[in-house]
Amino acid sequence: MNDPDRFGAEQMEVDGQVRKSSRGRTPSGKPNPVDVHVGGRVRLRRTLMGLSQERLGEAIGLTFQQVQKYERGANRIGASRLWDLSRVLDVSMSYFFEEMGEETAQYSPMNIAQCPGEPREMDSDPMSKRETLELVRAYYKITDSSVRKRVFELTKTLAATAESEEMGVLEEPATR
């Protein structure tokens, strides 16, 4: 039985119990982790392409505020809108679901309805940080491939040095 209550929310009967539909949100009302993941992939691709939220919104007939809500997962993206986004962002539909971990996937609306529970907070993905996106864009603006390769090697060396220092492996330089 799917009947709207007086507030417009649907009620569903699941295993003999009547539950309100959360429209895919978690029991606490937070955005669904799957929607947050898809929105993050929209943001990643938009940023890598150098598009503002306003320009993306114009391309698909939305305001930049709506694009913001999609990117945060606050509003769910319907199939036809996802199709439009895939065309404008020049990616396949599956792109938006790539790199989704099992922990995120288990919070699909169907699974939440069957086994309600609150997802634990996810660590911030470095690929979704603005700094990372700007770094990648700047890196690919380096037109000389040999310079780009040297920058890449320098970055790897710096990261390895920092990792060694954190582990206390780096020896003190010898003094003359």
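In this predicted model, Asp35 touches Tyr70, Gly73 and Arg76 once its neighbours within four places in sequence are set aside. Asp35 belongs to helix 1, and the residue counts as buried because its relative accessible area is 13%, which falls under the 20% cut-off. A charged residue thus provides a convenient point of entry to the helices described below.

It helps to set these helices within the chain as a whole. The secondary structure amounts to eight helices and three strands, arranged along the sequence in the pattern β-β-β-α-α-α-α-α-α-α-α. The protein chain has 176 residues, of which 26% are classed as buried. When contacts between residues at least 6 apart in sequence are considered, 53% of them link residues at least 24 apart.

We turn next to the nonpolar interior. In soluble globular proteins, nonpolar side chains tend to be buried together. Here, the largest nonpolar core comprises 17 residues, and the members with the most contacts inside it are Val42, Leu56, Ile77, Leu82, Leu85, Leu89 and Phe96. Two or more residues of this core are supplied by each of helix 1, helix 2, helix 3 (64-72) and helix 4. Helix 1 gives the largest share, with three residues. Leu56 offers a good view of how these pieces meet: beyond its neighbours within four places in sequence, Leu56 is in contact with Val42, Arg46, Val67, Leu85, Val88 and Leu89.

Helix 2, the element that carries Leu56, deserves a closer look. Its buried residues are Gln53, Leu56, Gly57 and Ile60. Viewed down the axis of helix 2, these buried residues lie within an arc of 100°, so they line one face of the helix. The general geometry makes such a pattern easy to follow: an α-helix has 3.6 residues a turn, so residues three or four places apart point the same way. On the face of helix 2 turned away from the buried side sit the exposed residues Arg55 and Glu58. The buried residues themselves pack against helix 1, helix 3 and helix 4. Just past the end of helix 2, Gly61 adopts a positive phi of about 80°.

The pairing of helix 2 with helix 3 can be described in more detail. Two packed helices are described by the angle between their axes and the distance between the axes. For helix 2 and helix 3, the angle is about 100° and the axes are 8 Å apart. The two helices are therefore roughly perpendicular to each other. Helix 2 contributes Gln53, Glu54, Leu56 and Gly57 to the contact, while helix 3 contributes Phe64, Val67, Gln68 and Glu71. By character, the residues of this contact split into three nonpolar, three polar and two charged.

Helix 4 (residues 79-88) shows its own buried side, formed by Leu82, Leu85 and Ser86. Seen along the axis of helix 4, these residues fall within an arc of 100°, so they line one face of the helix. Their packing partners are helix 1 (33-48) and helix 2 (53-60). Leu82 and Leu85 have already appeared among the core residues with the most contacts, and Leu85 is also one of the residues in contact with Leu56.

The backbone beyond helix 4 holds two further points of interest. Most residues other than glycine have a negative phi, and most peptide bonds are trans. Asp90, placed just after helix 4, has a phi near 55°, a positive value in a residue other than glycine. Asp90 lies in the loop between helix 4 and helix 5 (102-105), and this residue counts as exposed because its relative accessible area is 61%, over the 50% cut-off. Glu99 lies in the loop between helix 4 and helix 5, and its phi is near 60°, again a positive value in a residue other than glycine. With a relative accessible area of 68%, Glu99 is likewise exposed.

Methods:
Residues numbered from 1 in each chain as written. Predicted model: local features only at pLDDT ≥ 70, side-chain atom pairs only at ≥ 80, totals over all residues. Heavy atoms only, no water. Buried < 20%, exposed > 50% of the residue type's maximum accessible area, 1.4 Å probe, protein only. Helix = DSSP H or I, 4+ residues; strand = E, 2+ residues; numbered from the N terminus. Arc of directions from axis to C-beta. Contact = heavy atoms within 4.5 Å. Core = buried A, V, L, I, M, F, W, Y, C linked by side-chain atoms within 4.5 Å. Axes fitted to C-alpha atoms, helices over the stretch in contact; angles between N-to-C directions. Parallel < 35°, antiparallel > 145°, perpendicular 65-115°, else oblique.
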